[in-house]
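Please work through the exercises below with the sequence and the model at hand. Each task is followed by a worked solution.

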Amino acid sequence: MLDRVVPTISSLLNARAAGHSLPAGLYIRDDVFEADLDVFFRKHWICIGLECDVSEAGDATVIDIGASSLILLRDDDGVVRVFHNVCRHRGSRILDGGPTIVSKLVCPYHQWTYELTGELAYAPHMGANFDKECRSLKAVNFRSISGLIYVCLSDNPPDDIDELERVMNERLAPYDIRNTKIAYEKDVVEEGNWKLTLENNRECYHCSANHPELCVSFVDLDFGYDPDSLSPEDKAQADEHLALYAERTRRWEEEGHPSAAVEQLIDCVTNFRTQRLIISGAGESQTYDATAASSKLLGTMTRKDLGDTHLWGHNSWKHFMGDHAVVSIVIPLSAGRTLVRTKWLVHKDAVEGVDYDLQKLTDVWIATTDQDSDLVSRSHAGVMDPAYIPGPYSPFSETYLEKFATWYVDRMHAHGY
Amino acid sequence: MLDRVVPTISSLLNARAAGHSLPAGLYIRDDVFEADLDVFFRKHWICIGLECDVSEAGDATVIDIGASSLILLRDDDGVVRVFHNVCRHRGSRILDGGPTIVSKLVCPYHQWTYELTGELAYAPHMGANFDKECRSLKAVNFRSISGLIYVCLSDNPPDDIDELERVMNERLAPYDIRNTKIAYEKDVVEEGNWKLTLENNRECYHCSANHPELCVSFVDLDFGYDPDSLSPEDKAQADEHLALYAERTRRWEEEGHPSAAVEQLIDCVTNFRTQRLIISGAGESQTYDATAASSKLLGTMTRKDLGDTHLWGHNSWKHFMGDHAVVSIVIPLSAGRTLVRTKWLVHKDAVEGVDYDLQKLTDVWIATTDQDSDLVSRSHAGVMDPAYIPGPYSPFSETYLEKFATWYVDRMHAHGY
Amino acid sequence: MLDRVVPTISSLLNARAAGHSLPAGLYIRDDVFEADLDVFFRKHWICIGLECDVSEAGDATVIDIGASSLILLRDDDGVVRVFHNVCRHRGSRILDGGPTIVSKLVCPYHQWTYELTGELAYAPHMGANFDKECRSLKAVNFRSISGLIYVCLSDNPPDDIDELERVMNERLAPYDIRNTKIAYEKDVVEEGNWKLTLENNRECYHCSANHPELCVSFVDLDFGYDPDSLSPEDKAQADEHLALYAERTRRWEEEGHPSAAVEQLIDCVTNFRTQRLIISGAGESQTYDATAASSKLLGTMTRKDLGDTHLWGHNSWKHFMGDHAVVSIVIPLSAGRTLVRTKWLVHKDAVEGVDYDLQKLTDVWIATTDQDSDLVSRSHAGVMDPAYIPGPYSPFSETYLEKFATWYVDRMHAHGY
């Protein structure tokens, strides 16, 4: 008879074989996408931006996550707040996209007017019995972790973000991300599922052949390799690098710079990994020649040779270096389209053309994100093909994909799928 | 457990709270849109155009309503007719979009040829036994009410359109809409649900802040206001306006010009409202300075000071003034896209540049429709947001929205939803 | 009560009335489209290209059929092969669209490297226990019938393609299609269902009014006509043509050129029809004046007066003439969009500008495919209209549509619908 029964999401999850990429349906089906949005982008913590997106009192910006639109603002007292961009009258969008400066939030439709604290201050024609108290803008659960804004769109935010907060507050303190400015920002829409975007970010198996610019400063071997796959010369180089890395990490730790990897990748709700990575060559920064792009270092940093504190979440990756930081945020648009928003941060007082050269600051990661976008679209097209069957992850260089896939399936199960 | 059961349309309708905007699903879901199309655009009367769209024998024009395509034509005897634009052979479209002149209707595919009465005159290669009689073009139920073409695409058109016909034939007689011409026509696609388009049209709460051009001639207070929301000066102005309005209406009625509001908005199948509205300022017409745009008045009109006879339906709004009329027709394209087609009518013998200035004739409503389009898209985006919850209608200035929502829910129930 | 129950595909198939076009749902519904793709484009043989698409060892080209992407290549030994364009690692596309030259197939993502025979030669970082043997590129069932590439994407290809192969190998031998070259190729996207594209191709009832260029050389009467529909003069001409045709066919057969029609159109899995058709006027080729466009004849042809060997399949139509051939391949894109890819073939040694004039070679079928595209879109728009009801096929000139519809319904039933 016919094989036209569409498998349930649960059966797709159960069909996932250990050590292998996910069944196609999990990447391409619209119902899975809706479930993903609900589970991973509403019921988990996601990174949406930075305090420095709204540096001054009255700064506001709009961030769209699927159909949700959020207002991130700094109120008159300098307090950062996040609201839903939905008027409590008939639901109109209050602010348009992009950054702006506000003294009140005035809905353009009927002039309902909210304080920057979210309270409804004014609503004409609603009559004497109208209760303004219960019509404040809906606030969004959020945490600023060293200036990184994480939100949870559900009413029951997972509490194991405490661990992320504890670890990163210590590690990020010297970078003082709250006192950075966004030197550049770029949106790239990848023609692929958000999980393919994540998988692509969690291995550097593809780096050497695809990211020549990044590989000047980034060591692809740090995310795993099969020694038998290397030529004798490459093997000798790898051994040398590992020895150097161990020594460098030991020294950093002795000097009081937390460097060892901290992972919360499986058996957890909130997914993250951080580690101080070595920077190759000149050793300072992820630029075309691995030297710093900004002469004004971040925060209280006095050295350029403290490597790259990387941080992964399930919707972001970040690199904190002595002179600048790069923050990429992943926002799913549909089963087959994903927005990757990248921001380049420098010290808030750094002056373009004086302290830093914008092109030097940005060109490596602009090239890298474009190359990744191509790989993700190629990957998604293949996964759409009826001939696709889940293939094996490398047990050396794709171990973080295995962890991500495991976590993904577990989290879906935890939400009843 | 999981909240993944999609609510039925019925449960969405039942969830609607009195005095509040509709639950989101009724604005945004595709299945609701299909139901809306079926109920409100196939089984109710809708306005699709005007007799003056086809002024002369042999004139024809094509009007698309969703997947339906209609031919509006005037046959050789001057009789207006409406047919489905579907060949009875293999279904090909017979006419392309837009106005044309025809002597027969010839399907370009295989030359099946129909008389302008719809009869199949010629169908080659069909053999001796082929029965042409039963292959006439399918005619569409329609009524011309003072030259306004209403159709019902179902076989059982509601009969309470009689009341609309009776009321409007009396009121529109002096405007002689059959003997107008279309001076200008403009299509605007609003990025929002058709019900948001309608709601936007049924209140003027948003007018003062959004429609500066229209507010020269249009009195937003006429659709309701909360006196306590007004400043003392505005309150005094409003009182003065109301007194003037009452006096003007009384005089108009005495002079034999029906002016009082007639509403058939709830507890009915066919939804309409008409009233002679006062025009502000110069008092003549909805132009930038409220003076007439055309020196040749409509029909048998001899005065410019008879205000604005407005007419609402569930897919149109219209304004009939001494010198011209503006007719807007609403055609849903998808759950989130709605076509608003606006036609500006002048006396059929009025000459552009001599009797009327086209820019003066059109600029107020061109600006207004563009402003409304922006408001509707902003409204739809907000309703799409998971943070949207139905909000309260103003008991003063949004009473017609409450009636529309009530009628909408009732009509859906009447059709089994 | 409500008529909101969506009919099953089976009930649509059963609702089809003999002698009439299909019920609308079979042309326009997404679920029917998915079923069509599965049944007719995965489980039946389809034509995807030609050996001369990859003339030399190392030539490769990518052909997309829905979400499936196929690599057609010629390996180092000159053997033609077809593979799925899906890396066995994580599914990435290996080759981009369009023709290319390859020595190995290297996936750009992680450099998994395949021989042109499909074997996995190299996959770094996969460890000592990794079994390359079972990771060859997935091969696609295919046959080259006189240089025409037919594939079946399922594992159980129907075997009655043998008859197509037997008949066409004999008829096509003198044209030596393997030794042609593609002088020109054009993709046209028709805004209609693939079955409307096929129906349009299977009658010439529409030709006289729509294809003036084609009708110079093509005799629309050859696909059937109602004698009573013709004027006395046209009738006399038709009689003359039929007599000439009978005589010409008799002579061709005597001279050893198979000419009679061979049909396998109903009660079969693989659908085809071939016949040597007469060419009108100058009698040589489907050009604007019916004379040959290429002075270098195909294969071992020595005469230009051997008419047009046409070949139909359910996703292609082809015309083989003395001087050139035209091959059109139908690839469905969605329920309402269909790609028609047309290739013009000349002798492989023919030189443009010397042996043939490219414009003369191509202009008739470029015009014809554009005209057909318009007819198909017009047809699809009409079938989408709720007012569409299946209409009668001409018992004279649309007999092949009746056969196609019958075969379509039968094949759907055979696959459980």
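The exercises that follow concern a predicted model.

**Exercise 1.** Determine which relation links chain C to chain B.

Solution. Chain C can be laid on chain B by a turn of 120° with a shift of 0.0 Å along the axis, and the RMSD is 0.0 Å. This is therefore the relation of a three-fold axis. In chain C, the C-alpha nearest the axis belongs to Asp30(C), 8.4 Å from it.

**Exercise 2.** Determine which strands stand at the edges of the open sheet with the order β1-β10-β9 in chain A.

Solution. The sheet has 3 strands, with antiparallel pairing. β1 (46-50) and β9 (141-145) of chain A each have a single partner strand, so they stand at the edges. From one strand to the next, the twist averages 30°. Between β9(A) and β10(A) (residues 148-152) there are 5 bridges, and Asn141(A) stands opposite Cys152(A). Helix α4 (residues 161-172) of chain A lies across β9 and β10, at about 25° to β9(A).

**Exercise 3.** Decide whether Cys204(B) and Cys207(B) form a disulfide, and whether Cys87(C) and Cys107(C) are too far apart for a bond.

Solution. A disulfide requires sulfur atoms within 2.5 Å. Those of Cys204(B) and Cys207(B) are 2.0 Å apart and form one. Its torsion is about -95°, so the disulfide is left-handed. Cys204(B) is buried at 7% relative accessibility, and Cys207(B) is buried at 2%. By contrast, the sulfur of Cys87(C) lies 3.9 Å from that of Cys107(C), the closest cysteine sulfur, which is too far for a bond. Over all chains, the count comes to 3 disulfides.

Notes:
Residues numbered from 1 in each chain as written. Chains lettered and ligands numbered in written order. Predicted model: local features only at pLDDT ≥ 70, side-chain atom pairs only at ≥ 80, totals over all residues. Heavy atoms only, no water. Least-squares fit on C-alpha atoms with pLDDT ≥ 70 in both. Pairing = 2+ DSSP bridges. Helix = DSSP H or I, 4+ residues; strand = E, 2+ residues; numbered from the N terminus. Axes fitted to C-alpha atoms, helices over the stretch in contact; angles between N-to-C directions. Contact = heavy atoms within 4.5 Å. Buried < 20%, exposed > 50% of the residue type's maximum accessible area, 1.4 Å probe, protein only.
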